[in-house]
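Subject: Structure handover

Hi there,

Here is the structure I promised to pass on to you. Could you open it next to this email while you read?

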Amino acid sequence: MKNFKNIDHIGIAVPDLDAAVKTYTTLLGKAPEHFEEVAEQKAKTAFFAVDDTNLELLQSTSPDGPIGKYIEKNGGRGGIHHICVQVENIEAVLEDYKKQGIQLIDEKPRKGAHGKMIAFVHPKSTGGVLLELSQEISH
Ligand code: CO
């Protein structure tokens, strides 16, 4: 089974989304294509397409959310928070990972930005990188 299709996005935690959007608008020479608040992750996001992948800027909407905790641990600064890969069948990948003893943060997929199904794999099983799996849902 080939698990990964492509890198869907790189998630960058930021303390201030408006300031970060300005910074990345300058860096990329264009505005973000998509803004979304993701209640399940207690974060508001902005997406910039870069070729066939994206940069996802994330600001926490609550200090106890995953992005809030990351920024606190990181001395109030932002940084690369996760890498997201797109998969064909997220349930099958999660089942396969469970069988192989890979540590999951989400045993079952949940709803992420863009209405996709997502699940996080624990950094303990990935060499220290928070890995997000994502599957596009056909409407
Ligand atoms: Co993400």
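Below is what turned up in it, beginning with the metal site.

Please keep in mind throughout that this is a predicted model.

**The cobalt site**

Which residues coordinate the cobalt ion? The donors are H9 and H82, each through NE2, together with E56 and E132 through OE, at 2.1 to 2.2 Å. Along the sequence these donor residues follow the spacing H-x46-E-x25-H-x49-E. One pair among them links distant parts of the chain: H9 belongs to strand β1 and E56 to strand β4 (residues 53–60), with their positions 47 residues apart. Both H9 and E56 are buried.

The geometry deserves a look while you have the site on screen. Angles subtended by the four donor atoms around the cobalt ion run from 83 to 168°, and the arrangement is therefore irregular. To count as tetrahedral, four donors would need all angles between 85 and 135 degrees. Water is not among the atoms, so sites may look incomplete.

**The cavity**

How many cavities of 30 Å³ or more does the count give? The count comes to one, and its volume is about 70 Å³. Thirteen residues would be a lot to list here, so let me just say that the lining has 13 residues, with H9, A113, K116, I118 and E132 lying nearest the centre. Two elements, β1 (6–13) and β8 (131–135), give two or more residues to this lining. By character, the lining of the cavity splits into four nonpolar, five polar and four charged residues. You will recognise H9 and E132 from the metal site: both are donors to the cobalt ion, and both are listed among the residues nearest the centre of the cavity.

**The pocket**

The largest pocket holds about 260 Å³ of space. Its lining is made up of 14 residues, and nearest the centre lie P66, H81, I105, F120 and L130. Which elements each supply at least two residues of that lining? They are α2 (66–73) and β5 (79–86), and β5 has the largest share, with three residues. The lining of the pocket divides into eight nonpolar residues, five polar and one charged.

**Helix α2**

Since α2 helps to line the pocket, here is how the helix itself is placed. Its buried residues include I67, G68 and I71. Viewed down the helix axis, the buried residues of α2 fall within an arc of 100°, so they line one face of the helix. The general background is familiar: an α-helix has 3.6 residues a turn, so residues three or four places apart point the same way. On the face of α2 turned away from the buried side you will find the exposed residues E72 and K73.

**Two loop residues with positive phi**

Most residues other than glycine have a negative phi, so here are two to check in your viewer:

- K42 has a phi near 45°. K42 sits in the loop that runs between β2 (34–38) and β3 (43–50), and with a relative accessibility of 33% it counts as partly exposed.
- D51 has a phi near 55°. D51 is in the loop between β3 and β4, and its relative accessibility of 79% makes it exposed.

**Pairs across the chain**

Finally, three pairs of residues for you to pick out, with distances given from C-alpha to C-alpha:

- L131, in strand β8, is 5.9 Å from C84, with the two 47 residues apart in sequence. L131 counts as buried, because its relative accessibility is 12%.
- S60 is part of strand β4 and lies 4.3 Å from A43, at a sequence separation of 17 residues. S60 is buried too, at a relative accessible area of 16%.
- E37, in strand β2, and G112 are 9.6 Å apart in space and 75 residues apart in sequence. Is E37 buried or exposed? At 54% relative accessibility, E37 counts as exposed.

That is the tour. Happy viewing, and do write back with any questions.

Best wishes

Note on methods. Residues are numbered from 1 along each chain as its sequence is written. This is a predicted model: local features need pLDDT of at least 70, side-chain atom pairs count only at pLDDT 80 or more; totals for chains, interfaces and linings use all residues. Side-chain values use heavy atoms; hydrogens and water are left out. On a 1 Å grid over the protein atoms alone, a cavity is a set of points where a 1.4 Å probe fits but cannot get out, and a pocket is an open set with protein on both sides within 12 Å along at least five of seven lines; lining residues have an atom within 4 Å of a point. Grid points are joined across faces, edges and corners, and a volume is the space filled by probe spheres set on the points. Helices (H or I, at least four residues) and strands (E, at least two) are DSSP runs, numbered from the N terminus. Ala, Val, Leu, Ile, Met, Phe, Trp, Tyr, Cys and Pro count as nonpolar, Asp, Glu, Lys and Arg as charged, and the others, Gly among them, as polar. Donors are N, O and S atoms within 2.8 Å of the metal (3.2 Å for Na, K and Ca); water is not among the atoms, so sites may look incomplete. Four donors count as tetrahedral if all angles lie between 85 and 135 degrees; four count as square planar and six as octahedral if opposite donors are over 155 degrees apart and all others between 65 and 115; anything else is irregular. Buried means under 20% relative accessible area, exposed over 50%, partly exposed in between (1.4 Å probe, protein chains only). The arc is that of the directions from the helix axis to the C-beta atoms.
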